[in-house]
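Welcome! Please take a moment with the sequence and the model below, and then we will walk through them together.

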Amino acid sequence: MWHILGAGSLGSLWATRLARAGLPVQLLLRDTQRLKRYQQAGGLTLIEQGQAQRYAIAAQTADHPQPIQRLLLACKAYDAAAAVSQLAPRLIAGAEILLLQNGLGSQDEVARAAPHARCIMASSTEGAFRQADFQVVFAGHGHTWLGDPLDLQPPAWLADLHQAGIAHDWSVDILSRLWRKLALNCAINPLTVLHDCRNGGLREHPAQVTCLCSELTELLHRCGHSAAAENLHDDVQRVILATAANYSSMHQDVSQGRRTEIAYLLGYACNAAQRHQLQLPHLHALHRQLLTHLNARGLPSH
Ligand SMILES: NC(=O)c1ccc[n+]([C@@H]2O[C@H](COP(=O)([O-])OP(=O)(O)OC[C@H]3O[C@@H](n4cnc5c(N)ncnc54)[C@H](OP(=O)(O)O)[C@@H]3O)[C@@H](O)[C@H]2O)c1
């Protein structure tokens with residue numbers, strides 16, 4: 001059984017694909033009010049290439065007594081540890097938690113909240129957004145890497161992902177992948193917020209991008225992720241060009257007045273630099289400017 005917490009963008013994308021492949025799925029919703037609204041909606045709707053299909057997937061609240069063997073955690077990074085703490089009494093011995101959160105830091109928080117569960121980390125390039133409550137648009141096909149730094153053996157249920165058509169690979173170096181994605185995010189997303197531009201707008205600020213990439217490269221080396229540091233600047237420039245017309249996820253969050261995951265992205269990078277006593281002035285200045293920007297808009301800085 002796949003227990004999926006969070007019927008947001010990624011949670012719905014996973015739940016609908018697993019369910020339509022005939023696999024047992026149980027959604028975990030926030031409270032009875034959300035459950036009632038879900039029941040009124042009649043299920044989750046997945047919109048793919050303009051075609052909508054509704055799936056009447058079973059749902060329950062966190063306080064349901066059913067034991068949980070495998071949990072797909074599909075909430076934002078800042079909600080992850082609290083959500084798992086709430087479910088901890090339901091996790092059976094040998095339970096596994098698949099973590100879809102972007103950035104770094106929430107994985108450790110979850111591991112502390114559920115010390116006996118196996119935590120499998122994921123890094124995904126898939127894209128989805130909520131068009132309405134319980135309606136999700138599959139916006140960008142991509143790939144998901146999964147891995148567990150403490151146990152390199154892949155779990156048997158990867159076959160379920162194959163069956164559900166979820167493109168994936170088991171990674172023996174998932175932390176490097178997460179660090180690389182975090183570095184790309186730190187070099188692009190905050191600047192798009194501060195310059196209020198699409199990703200392509202950063203072509204007008206090459207010196208700032210270059211400085212950040214050089215500091216991030218130093219940080220990755222110091223944190224022991226040299227593979228993630230390789231050609232970072234080239235990759236950042238490639239992403240800026242390839243996604244020139246897009247607004248970054250952080251830009252979208254800020255412009256829509258939504259809380260960002262800054263503490264698990266740029267905030268995490270700055271903390272890591274401090275821990276290693278690295279002087280990264282541009283990264284810290286960017287962090288301060290972003291916090292000021294968020295505060296001015298009444299958005300949380302964590
Ligand atoms: N969307 C993408 O394309 C994408 C791509 C790559 C990575 N990611 C990462 O994936 C993670 C999830 O992102 P998302 O875009 O799917 O977020 P989202 O659309 O905001 O969905 C998060 C869901 O988690 C639910 N939730 C939070 N706490 C809960 C709790 N205690 N119990 C039950 N449900 C709870 C929320 O419930 P409510 O609806 O009740 O608020 C919401 O439905 C993020 O870290 C994001 O950065 C997303």
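Which residues point one way from β2, and which the other way? This is a predicted model, and in it V25, L27 and L29 point one way from β2 while Q26 and L28 point the other way. Residues on both sides of the strand are buried. Strand β2 covers residues 25–29, and because five of its five residues are buried, the strand is largely enclosed by the rest of the structure.

Let us look at what surrounds this strand. Strand β1 pairs with β2 in the parallel sense, and strand β5 also pairs with β2 in the parallel sense. Q26 is a handy marker here: it stands opposite H3 of β1, and its bridge partner in β5 is A58. The table puts the two pairings together.

| Partner of β2 | Residues | Sense | Bridges |
|---|---|---|---|
| β1 | residues 2–5 | parallel | four bridges |
| β5 | residues 58–61 | parallel | four bridges |

Between β1 and β2 comes a helix to look for: helix α1, residues 9–20, joins with these two strands in a right-handed β-α-β unit.

Now step back to the whole chain. It is divided into domain 1, residues 2–172, and domain 2, residues 176–296. The centres of the two domains, taken over C-alpha atoms, are 26 Å apart. Their contact draws 16 residues from domain 1 and 12 residues from domain 2. Together the domains bury about 1,500 Å² between them, with 57% of that area on carbon and sulfur atoms. On the domain 1 side, Y78, N102 and L104 supply 49% of the area buried against domain 2, more than any other three residues.

Next, the inside. How many residues make up the largest nonpolar core? There are 64, and those that touch the most other members are L71, L73, I97, W179, L219, V236 and L283. Helix α6, residues 174–194, gives the most to this core, with 11 residues. Both domain 1 and domain 2 give residues to this core, so it lies between them.

V236 is a good place to zoom in. Leaving aside its neighbours within four places in sequence, V236 is in contact with L184, A187, I188, V209 and C213. A second core, separate from the one just described, has 33 residues, including W2, A15, L46 and L158.

Key. Residues are numbered from 1 along each chain as its sequence is written. This is a predicted model: local features need pLDDT of at least 70, side-chain atom pairs count only at pLDDT 80 or more; totals for chains, interfaces and linings use all residues. Side-chain values use heavy atoms; hydrogens and water are left out. A nonpolar core is a set of buried Ala, Val, Leu, Ile, Met, Phe, Trp, Tyr and Cys residues joined through side-chain atoms within 4.5 Å. Buried means under 20% relative accessible area, exposed over 50%, partly exposed in between (1.4 Å probe, protein chains only). Domain bounds come from an automatic or database domain assignment. Contact means heavy atoms within 4.5 Å. Two strands pair if DSSP finds at least two bridges between them. A crossover is right-handed if, with the strands pointing away from the viewer, the path from the first strand over the helix to the second runs clockwise. Buried area is the accessible area (1.4 Å probe) that two parts lose on being put together, summed over both.
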